[in-house]
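Dear colleague,

I am passing on the structure below, with a short account of what was found in it. Please read the notes with the structure open beside them.

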Amino acid sequence: EKLQWAKLVNSPSVTKDGQQLTISANIGSSNDIPAAVNNGADEVGLFRTEFLYMKSEHLPTEDEQFQAYKDAVESLAGKTLVVRTLDIGGDKPLTFMPLPHELNPFLGYRAIRISLDRPSMFRTQLRALIRASQFGQINIMFPMITTLEELRSAKKIYYEEREKLRQDYPHVGANIKLGIMIEVPLAALYAERLAKEVDFFSIGTNDLIQYCFAADRGNASVSYLYQPLNPPFLKLIDHIIKSGHQHNTTVAMCGEMAGDRLALPLLMGMGLDEYSMSATSILRTRSMMRNLDINECQKLYHDAVTKCETANQVHDLVEEWLKNK
Ligand code: PEP
Ligand code: MG
């Protein structure tokens with residue numbers, strides 16, 4: 001089976017009925033790019049920039065970050081790089097920036113909340129990204145957006161830095177697309193409004209599931225509540241996708257669910273555009289995708305949310321359905 005997959009490294013991510021989709025890789029540093037490319041990634045859908053900060057003993061300077069983003073996008077040789085701005089918090093400490101201990105770090109001071117509270121650090125990262133965008137296609141997304149005001153504040157800072165840079169580099173950043181992670185339930189519920197103000201969404205199911213089910217993603221005692229196939233959760237994902245599409249906003253997913261073999265036909269049925277996952281899952285996913293018809297996936301999704309009442313029932317329904325593929 002692996003040998004069969006290897007032939008798909010240069011094949012398009014196309015469905016059986018000819019729809020072009022995107023399968024991309026999640027990376028933690030530019031060292032991960034060769035594996036992403038060798039496994040046939042169409043793009044990098046999530047560059048988690050926190051490692052750049054965590055491995056450093058000081059706040060990475062604008063030039064250090066510029067170099068890292070430039071190297072990354074250049075080694076992608078024309079493929080898009082989606083960079084997520086810093087997503088740290090109580091659970092991911094930085095040596096040079098001690099954060100107060102929190103009882104509930106996942107509900108606390110993290111990600112865009114820190115960036116908006118310490119804008120000079122955020123501005124440095126944005127400037128480095130805007131400059132690096134001269135060397136390839138870089139898109140930027142903000143993590144943990146909860147409200148419209150947070151999104152507007154982040155965008156305001158981004159446009160201010162872009163204007164300043166344009167005094168030295170005219171038109172810099174014109175090709176950058178701006179997006180947000182949808183990983184907080186309120187943002188998912190308000191997707192129809194948020195979609196008007198961004199070019200793309202990327203659904204972060206690791207966090208979205210932990211917040212929807214109120215179950216810490218790292219706590220094994222409650223891991224039974226990690227249920228991506230739960231019917232109301234599937235409906236929420238569908239709502240995000242449909243809301244995005246109403247406003248021409250591309251919808252990607254970069255949480256673990258994007259590489260889940262049972263979720264794949266359901267997500268295709270909902271109309272998800274881009275599937276971003278660990279490099280090792282790409283070829284398996286492409287091989288399945290090329291064998292699935294969108295109309296049939298739509299019927300499967302419809303059955304899942306109308307006939308099933310639990311995640312287990314959806315699991316069995318999809319397993320059974322896949323046997324005939
Ligand atoms: C997610 O929350 O699904 C996600 C992709 O981000 P992270 O796992 O880095 O929180
Ligand atoms: Mg997340």
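**What was found**

Helix H10 gives the largest share of the shell around ligand 1, namely 3 residues. Please keep in mind that this is a predicted model. Both H10 (205–212) and strand E2 (43–48) supply at least two residues of that shell, and the residues around ligand 1 are Leu-46, Arg-48, Asp-87, Glu-183, Gly-204, Thr-205, Asn-206, Asp-207, Cys-254 and Gly-255. By character, the shell divides into 2 nonpolar, 4 polar and 4 charged residues.

As for the strands, 8 of them close into a barrel with parallel pairing, in the order E1-E2-E3-E4-E5-E6-E7-E8, and the twist from one strand to the next averages 25 degrees. Within this barrel, E3 (residues 81–84) runs parallel to E4 (residues 138–142) and is joined to E4 by 4 bridges, with Asn-139 of E4 as the bridge partner of Val-82. Helix H13 (residues 282–289) packs on the sheet, where H13 touches E1 (22–27) and E8 (274–277), and the direction of H13 makes about 165 degrees with that of E1.

Turning to a pair of helices, H4 (residues 62–75) and H6 (residues 119–132) pack with their axes 8 Å apart and at an angle of about 40 degrees, and the two are therefore oblique to each other. Their crossing is right-handed. Among the residues that make this contact are Phe-66, Tyr-69 and Val-73 of H4, and Ala-128, Leu-129 and Ala-132 of H6; the residues of the contact divide into 6 nonpolar, 3 polar and 4 charged.

With best wishes

How values were computed:
Residues numbered from 1 in each chain as written. Chains lettered and ligands numbered in written order. Predicted model: local features only at pLDDT ≥ 70, side-chain atom pairs only at ≥ 80, totals over all residues. Near = placed C-beta within 6 Å. Nonpolar A, V, L, I, M, F, W, Y, C, P; charged D, E, K, R; others polar. Axes fitted to C-alpha atoms, helices over the stretch in contact; angles between N-to-C directions. Parallel < 35°, antiparallel > 145°, perpendicular 65-115°, else oblique. Left-handed = near helix turned anticlockwise from the far one by under 90°. Contact = placed C-beta atoms within 7 Å. Pairing = 2+ DSSP bridges.
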